[in-house]
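Here is a friendly briefing to read alongside the model on your screen. Let's walk through its strands, its cores and a few residues that reward a closer look.

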Amino acid sequence: MTPVKPKVYIDGKEGTTGLQIYDRLTARTDIELLLIDEDKRKDVEERKKFLNAADIVFLCLPDAAAVEAVALVENPATRIIDASTAHRTAPGWVYGFPELKPGQRQAIAGASRVANPGCHATGFISVVAPLVELGLLPKDADLSCFSLTGYSGGGKKMIAQYEAPDREEALSAPCPYGLTQAHKHLPEMQKVCGLSKAPVFVPIVDDYYKGMATTVPLHRSQLRAVPSLHALWRAYTDYYAGQQMVHVAPDPAEEPVGKLYAGTKAGQNDLTIVVAGNDEAFTVTALFDNLGKGASGAAVQNMNILLGLDETTSLV
């Protein structure tokens with residue numbers, strides 16, 4: 001007997017994240033992709049049929065539309081992965097970062113509602129959450145973070161701006177934005193890490209397509225029981241030991257890090273933690289692809305976990 005394949009529907013397949021998820025799934029033979037007719041993709045009743053026919057639904061929609069889509073799901077067997085910001089701090093939703101802490105992967109596996117992390121948040125949380133979880137960083141620490149991303153993170157509108165033949169000359173240089181400290185990723189960065197206050201956060205978009213470098217600077221005096229650069233590196237190495245999609249770069253005490261390129265992980269679906277500095281002042285940087293572990297790659301990893309499959313399927 002031919003095994004029944006899980007049915008998967010992408011609501012919002014035409015957006016950057018949706019297309020990237022589709023690209024990662026289209027060649028797979030272990031799932032059935034449900035494809036709505038192009039002329040009916042905004043038809044609420046037709047979408048409702050697909051949403052309720054699927055075992056797994058990806059929501060690649062603006063926040064308000066994602067909330068509306070969830071309300072259309074009446075099938076208790078339909079499990080949702082929401083790539084929007086709408087549910088990342090909402091009760092009843094499991095945060096979709098499997099490497100967050102012990103038990104997180106199991107929580108995702110048993111969830112019916114999974115909130116896919118934001119790209120900048122992924123970098124910050126991968127750096128800060130282990131330190132808080134291990135008791136090395138106080139929850140009330142004064143933190144800052146700067147995060148460099150390629151312009152694809154801004155979606156179709158920003159991609160069009162950067163790739164227009166008559167674009168503004170200003171787009172050739174890095175652009176810090178979100179300077180009012182109200183960036184939409186800040187709530188999840190604070191909550192998921194268990195911090196009592198949000199970091200001072202400076203996201204920066206630059207003139208390259210994809211790739212991220214999210215950096216948190218730290219003084220040794222901010223940390224507990226971290227006597228050296230090597231000790232900080234060892235804490236991350238032990239914390240992420242055995243993970244398939246998060247890795248730690250070699251010991252900086254043996255291989256000093258002098259510079260990093262934000263596009264290093266472009267086109268890949270994993271994330272690398274890079275510890276640098278000296279025994280008094282550190283930087284910890286998460287290198288990854290904003291469309292990979294920062295969005296679509298993470299969503300597919302979460303789908304694999306929900307379905308009980310090898311979580312790296314179609315990602316490595």
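In this predicted model, M212 of β10 faces F288 of β13 across the sheet, the two standing opposite each other. These two strands run antiparallel and are joined by 8 bridges. The points below start from that pair and then move out to the rest of the sheet, the cores and two arginines.

**Strand β10 and its neighbours**

- Strand β10 covers residues 212–219, and 6 of its 8 residues are buried, which leaves the strand mostly covered.
- Strand β13, its partner over 8 antiparallel bridges, spans residues 281–288.
- β10 is also joined to strand β7 (residues 144–150), again antiparallel, by 4 bridges.
- Within that β7 pairing, A213 in β10 has L148 opposite.

**The whole sheet**

- What is the order of the strands in the open sheet of 7 strands? Reading across, it goes β8-β9-β7-β10-β13-β12-β11, and the pairing is mixed.
- β8 (175–176) and β11 each have a single partner strand, so they stand at the edges, with one side of each lacking a neighbour in the sheet.
- At the β8 edge, 2 antiparallel bridges link β8 to strand β9 (residues 200–206), and P176 has I204 in β9 as its bridge partner.
- At the β11 edge, strand β11 (residues 246–248) pairs with β12 in the parallel sense through 3 bridges; V246 is matched there with L271 in β12.
- As a general point, side chains in a regular strand alternate between the two faces of the sheet.

**Strand β12**

- Strand β12 (residues 271–277) has 6 of its 7 residues buried, so the rest of the structure largely encloses it.
- A hairpin connects β12 to β13 through 3 residues, and the two strands run antiparallel, with 6 bridges between them.
- I273 has A286 in β13 as its bridge partner.
- Beyond its sequence neighbours up to four places away, I273 touches residues including S126, V127, Y236, Y240, V248 and V284.
- Is A276, another β12 residue, buried or exposed? With a relative accessibility of 8%, A276 counts as buried, because the cut-off for buried is under 20%.
- A276 is in contact with L229, P252, V257, A281, F282 and T283, leaving aside neighbours within four places in sequence.
- The C-alpha atoms of A276 and G258 are separated by 7.9 Å, although the two residues are 18 apart along the chain.

**Nonpolar cores and helix α1**

- The largest nonpolar core holds 43 residues, and F124, I125, V128 and I273 have the most contacts inside it.
- Elements giving two or more residues to this core are α5 (119–133), α7 (186–193), β10, α8 (229–239), β12 and β13.
- Which element gives the most to this core? That is α5, with 9 residues.
- A second, separate core has 21 residues, among them I31, F58, A111 and I305.
- In soluble globular proteins generally, nonpolar side chains tend to be buried together.
- Helix α1 (residues 16–25) has T16, G18, Q20, I21, R24 and L25 buried.
- The cover over those buried α1 residues includes β1 (7–11), β2 (32–34), β3 (56–59), α6 (155–163) and α9 (292–306).

**Two buried arginines**

- R79 sits in strand β4 (residues 79–82) and is buried without a salt bridge.
- How far from R79 is the nearest side chain of opposite charge? That side chain belongs to D55, and it is 8.4 Å away.
- A polar atom of the R79 side chain does lie 2.9 Å from the backbone oxygen of A111.
- Contacts of R79 outside its four-place sequence neighbourhood include D55, I108, S112, R113 and L306.
- R113 belongs to strand β6 (residues 113–115) and is buried, at 17% relative accessible area.
- The R113 side chain has a polar atom 3.1 Å from the backbone oxygen of T78.
- R113 and T78 are 35 residues apart along the chain, and their C-alpha atoms are separated by 9.1 Å.
- Not counting residues up to four places away in sequence, R113 touches V70, V73, T78, R79, I80, G92, W93 and V94.

Conventions:
Residues numbered from 1 in each chain as written. Predicted model: local features only at pLDDT ≥ 70, side-chain atom pairs only at ≥ 80, totals over all residues. Heavy atoms only, no water. Buried < 20%, exposed > 50% of the residue type's maximum accessible area, 1.4 Å probe, protein only. Lys, Arg positive; Asp, Glu negative; His and termini not counted. Salt bridge = Lys/Arg side-chain N within 4 Å of Asp/Glu carboxyl O. Polar contact = N/O pair within 3.5 Å; in protein donor to acceptor, adjacent residues only side chain to side chain. Contact = heavy atoms within 4.5 Å. Pairing = 2+ DSSP bridges. Core = buried A, V, L, I, M, F, W, Y, C linked by side-chain atoms within 4.5 Å.
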